[in-house]
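Here is a set of questions and answers to work through with the sequence and the model side by side. Each answer reasons its way to a value or a name.

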Amino acid sequence: MASKFLGRIVNQLVITCKFRFGGILPSKLDYSFIHSVPPLQNRAIAEKKNILKKLKHGKVRIGGRDGTGRKSVGYRGGGHKRLYRLIDFVRAPVLDNGPKAIHSSVDTIKSKVLAIEYDPNRSARIALIADAKRKYVLAPIGLEAGDIITASRGPPTSLADIQRGDAYPLQYLPIGTIVHNIELVPGKGGQLVRSAGTSAQIIRKEMGVVRRLNTHGTPVTRSGKVVILRMPSGTNRPVNASCMATVGRLSNENHKHRILGKAGRSRWLGWRPRMKKKFVVKIR
C-alpha cells in the first residue's frame with residue numbers, strides 16, 4: 001500500500017512539472033536569468049580585483065633545482081603557495097629620443113599611496129600606488145595610505161619638498177640623504193638596497209668612471225659624475241650620478257629580530273631542516 005501511495009505522489013509531481021515548466025524537470029531548469037547586472041559598488045570592487053590580478057602572477061617553486069632538474073641549492077623545498085607581485089623598480093622611465101644620446105623624461109610623476117601591503121617574496125613591505133595606472137613599489141618607513149609621492153628624471157622643484165618615497169637622480173639629492181632602491185645603470189631599475197630596514201647615505205659627489213646604457217641597450221663605461229654612497233655594509237661605493245634612488249629607509253626594520261618559534265613555520269617559508277655534520281651518518 002505504501003509503495004502504491006508513493007508512486008501516485010511521484011506521478012502527480014511529474015505531471016505538475018510538465019504542465020508548469022513545459023516538460024522540463026526542476027533539476028534541469030535554467031536559472032541564468034537570476035544573474036542580473038551588479039550594482040555600481042559591486043562593479044567597482046570587481047574592477048579593482050581585476051586590476052590587482054594583473055599585478056600578481058603565479059610563482060613556480062623549484063625546490064632548489066636548476067634547469068637540468070638536479071638539486072643545486074640544499075635545504076630548500078615545500079612551503080606555502082605564493083603569488084609574485086610585479087614591483088616597479090624604475091619609477092620614472094628613460095626615453096631614447098636620439099641615436100647617440102639618451103634623453104630622460106623630465107615629467108614629474110605624482111602618485112597616491114592606496115595601501116601598504118605584505119609581500120611574501122621579499123622582507124620589506126610594498127605600497128600600492130596609483131597615477132596613470134596602479135603598480136607596486138617598495139615602501140619606506142613612515143609611508144602611509146593617502147600620501148602623495150613623486151618621481152622624475154629631472155631636478156625637484158624644491159629641496160624642501162622632497163619627502164620619503166620620492167625618487168630622483170642621485171645628482172639632484174643633497175649630501176647626507178638616506179636612500180634605497182638604487183640603480184646601477186640609468187633606466188635599468190633599482191638593484192641595490194632593497195631589503196627590509198636597509199638604507200644607503202650620500203657621502204659626496206665627484207668625477208669618476210660611470211656606467212650607462214648605449215643605444216643598443218648594453219652598458220658601457222665612460223667618465224662622468226659619480227656619487228659616493230655609504231652602503232649598509234659600511235663600504236663606500238661610487239654610482240653614476242644619473243642613476244635614480246628613492247628617499248627614505250625601507251620598512252619592516254625589525255625583520256632581522258623575528259623569531260620563527262617552531263620548526264613548522266620554517267617549513268612554511270620553504271626551508272627544509274639542516275642537519276649538523278656530526279649527526280649525519282654516512283652510508284657506504
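Q: Is Asp131 buried, partly exposed or exposed?
A: In this predicted model, the relative accessible area of Asp131 is 28%. Buried would require under 20% and exposed over 50%, so a value of 28% places Asp131 in the class in between, namely partly exposed.

Q: Which residue forms a salt bridge with Asp131, the closest N and O atoms being 3.5 Å apart?
A: Side chains of opposite charge can pair when their charged atoms come close. A salt bridge calls for a nitrogen of Lys or Arg within 4 Å of a carboxyl oxygen, and a separation of 3.5 Å therefore satisfies the cut-off. The partner has a relative accessible area of 12% and is buried, and this partner of Asp131 is Lys135.

Q: Which residue is linked with Asp131 and Lys135 in a network of salt bridges?
A: Asp131 and Lys135 already form a salt bridge with each other. The network of salt bridges that holds these two residues takes in one further aspartate, which is Asp88.

Q: Are Asp119 and Arg122, whose side chains meet in a salt bridge, buried or exposed?
A: The N to O distance between the side chains of Asp119 and Arg122 is 2.8 Å, and they meet in a salt bridge. As for accessibility, both Asp119 and Arg122 are buried.

Q: What is the relative accessibility of Arg204, whose side chain meets that of Glu206 in a salt bridge?
A: Glu206 and Arg204 meet through their side chains at 3.2 Å, N to O. Glu206 counts as partly exposed at 34% relative accessibility. Arg204 likewise counts as partly exposed, its relative accessibility being 37%.

Q: Which residue of strand β8 is the bridge partner of Lys112?
A: Strand β5 (residues 109–117) and strand β8 (residues 148–151) run antiparallel and are joined by four bridges. Within β8, the residue that partners Lys112 is Ile148.

Q: Which residue in β6 does Ala115 stand opposite?
A: β5 also pairs with strand β6 (residues 126–130), in the antiparallel sense and over five bridges. In β6, the residue opposite Ala115 is Leu128.

Q: How many residues of the lining of the largest pocket are charged?
A: The largest pocket has a volume of about 690 Å³ and is lined by 28 residues, with Arg82, Tyr118, Pro120, Asn121 and Leu269 lying nearest its centre. The lining includes seven nonpolar and eleven polar residues, and its charged residues number ten.

Methods: Residues numbered from 1 in each chain as written. Predicted model: local features only at pLDDT ≥ 70, side-chain atom pairs only at ≥ 80, totals over all residues. Heavy atoms only, no water. 1 Å grid on protein atoms, 1.4 Å probe; cavity = no way out; pocket = protein on both sides within 12 Å on 5 of 7 lines; lining within 4 Å. Points joined across faces, edges and corners; volume = space filled by probe spheres on them. Nonpolar A, V, L, I, M, F, W, Y, C, P; charged D, E, K, R; others polar. Buried < 20%, exposed > 50% of the residue type's maximum accessible area, 1.4 Å probe, protein only. Pairing = 2+ DSSP bridges. Helix = DSSP H or I, 4+ residues; strand = E, 2+ residues; numbered from the N terminus.
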